[in-house]
Amino acid sequence: MLDKRFIRDNPDVVKEAVRLKGVDLDVDELLAVDETSRKLQQELDQRQARRKALSKEFANADAAKREQLRAESNELDRQLKQIREAVDETTTRLNELLLITPNIPWDQAPVGFDESDNVAIKTWGQKPEFDFSPLDHVELAEKRGWAEFARARKVAGERAYALSGDLVLLERALHSYALDLLSGKGFTPISVPALVKEGPLVGSGMFPKGREETYELPADNAFLAGTAEVALVGLHSGEILDKDRLPILYAGISPCFRREVGSASRDVRGLLRVHQFEKVEQFVICEADPEESARWHAELLGSAEQILQDLGLHYEVVECATGDMGLGKFRMNDINTWFPSLNMLRETHSCSTLHDWQARRANLRYRDTDGKVRFVHTLNNTAVATPRLLAAVIENYQTKDHEVRIPQVLRPYLGNRETI
RNA sequence: GGAGGGAUGCGAGAGUGGCCGAAUCGGACGGUCUCGAAAACCGUUGUGUCCAUAGGGCACCGUGGGUUCAAAUCCCACUCCCUCCGCCA
């Protein structure tokens with residue numbers, strides 16, 4: 001969400017953002033509705049002021065006067081009711097429009113309308129060389145009894161999977177390692193609800209746009225969140241934090257659920273795109289200073305890179321194009337990691353700065369040193385999301401004998417085994 | 001699942017129809033005192049929105065409706081929290 005006053009004062013900037021992000025929003029309509037809404041509100045305020053005054057007079061009035069005041073007040077009530085209906089109508093529409101108003105993207109972000117316009121800004125490491133023909137993660141896992149696909153699909157349908165044996169231990173090792181790394185950097189590990197109400201989904205910016213991507217449990221008025229970010233934003237929504245509590249650094253863990261409606265029959269094989277997965281998420285709440293949030297963006301991106309470097313995986317960092325970065329984002333960097341079986345890099349991490357766009361929706365504020373109340377900045381990035389990253393690890397580290405060499409950093413979590 | 005209790009500002013907590021955007025205590029901030037600090041004393045201290053230079057209007061006492069000239073206060077529904085019983089990982 002953007003500040004209404006900002007939109008009013010900078011309509012051209014907002015229109016440009018709408019264009020750059022390819023959003024279906026009529027900014028002129030928004031401005032018109034805002035104008036109407038304010039006029040109606042003023043009218044309402046005036047009549048309400050009058051009604052309040054009448055009530056005050058009433059206390060000291062005689063019987064005849066009271067009759068007259070009662071009549072006037074009743075008439076005012078009739079008018080108020082009408083105006084209130086009009087106000088409700090316009091504010092509902094205004095909110096609809098505000099909720100789909102995009103954040104202003106970073107002026108250095110590549111302009112473009114989808115993923116294909118993203119620009120690689122860094123690559124690290126090298127593709128592994130195999131002197132045998134490597135298996136893909138599905139073949140490898142099945143050969144080793146590490147996964148059940150057919151049986152899992154009997155239980156839970158398409159894109160379902162079950163991990164077993166050493167692959168489960170390896171998955172846990174990845175998460176433990178990421179959590180330890182982030183704790184060491186001052187992030188508080190926190191496990192959060194994946195089962196959430198609608199409020200935090202709107203607050204985090206997932207709704208209304210991502211509604212059909214989200215599992216809904218209508219009997220309970222609840223949803224399954226696609227990321228811990230939803231709960232992490234929600235935890236502090238509505239609060240006014242003391243400035244000395246900032247920054248708040250979380251390493252959030254939760255299961256994640258995604259319907260993948262837009263990806264029908266894409267990546268249906270294996271562990272790449274599944275409906276349910278496990279993620280350690282980096283999340284930052286900091287003061288509303290673009291330089292401060294830019295520093296945290298670099299920090300979050302750096303931690304994700306460190307994880308991949310520690311794991312020895314070949315990756316590239318991508319500067320996401322305006323049309324790919326999503327409604328609420330100021331800046332987004334994806335990290336794509338090498339998958340030998342696909343002979344390509346695939347997204348494993350996504351680092352975003354949202355400035356105060358998310359904080360405004362979630363009403364997450366802090367009291368600055370000058371005593372003013374401001375909206376915080378929020379940022380998030382993946383640390384480890386499995387099984388996608390797990391698939392990358394086993395594909396990249398497989399041996400001719402269908403074993404997997406364990407990256408050094410994970411060995412302490414696996415009884416110091418070198419291979420599984 | 002059954003029975004009860006509750007939701008008020010940064011925190012505790014008063015307020016059961018108009019004098020309440022809200023007592024009191026605590027916290028925080030500023031000041032006096034002091035070599036400095038503590039104590040004591042004095043003062044300040046909710047958010048949003050609109051018009052505006054100053055300043056003012058309006059809204060908000062969990063959420064949404066209703067009653068009334070008038071609602072934090074009465075009525076209804078919902079959400080959340082707590083206690084006890086039952087069930088249960």
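A polar contact is a pair of N or O atoms within 3.5 Å; within protein, one atom must be able to donate a hydrogen and the other to accept it, and residues adjacent in sequence count only if both atoms are side-chain atoms. The model is predicted, so local features need pLDDT of at least 70 and side-chain atom pairs count only at pLDDT 80 or more, while totals for chains, interfaces and linings use all residues. Residues are numbered from 1 along each chain as its sequence is written, chains are lettered from A and ligands numbered from 1 in the order in which they are written, and side-chain values use heavy atoms, with hydrogens and water left out.

**Exercise 1.** Find which parts of RNA strand B the side chains of Q42, D45 and K52 approach.

*Solution.* Begin with Q42, where an N or O atom of the side chain is 3.4 Å from a sugar or linking oxygen of RNA strand B. Next, D45 places a polar side-chain atom 2.6 Å from a base nitrogen of the strand, whereas for K52 the partner is a phosphate oxygen, 3.0 Å away.

**Exercise 2.** Describe the surface near RNA strand B by residue class.

*Solution.* A residue is near the strand if one of its heavy atoms lies within 4 Å of it. Sorting by class (Ala, Val, Leu, Ile, Met, Phe, Trp, Tyr, Cys and Pro nonpolar; Asp, Glu, Lys and Arg charged; the others, Gly among them, polar) gives 4 nonpolar, 5 polar and 11 charged residues. Turning to the RNA, 72% of the strand B atoms within 4 Å of the protein belong to sugar or phosphate, and the rest to bases.
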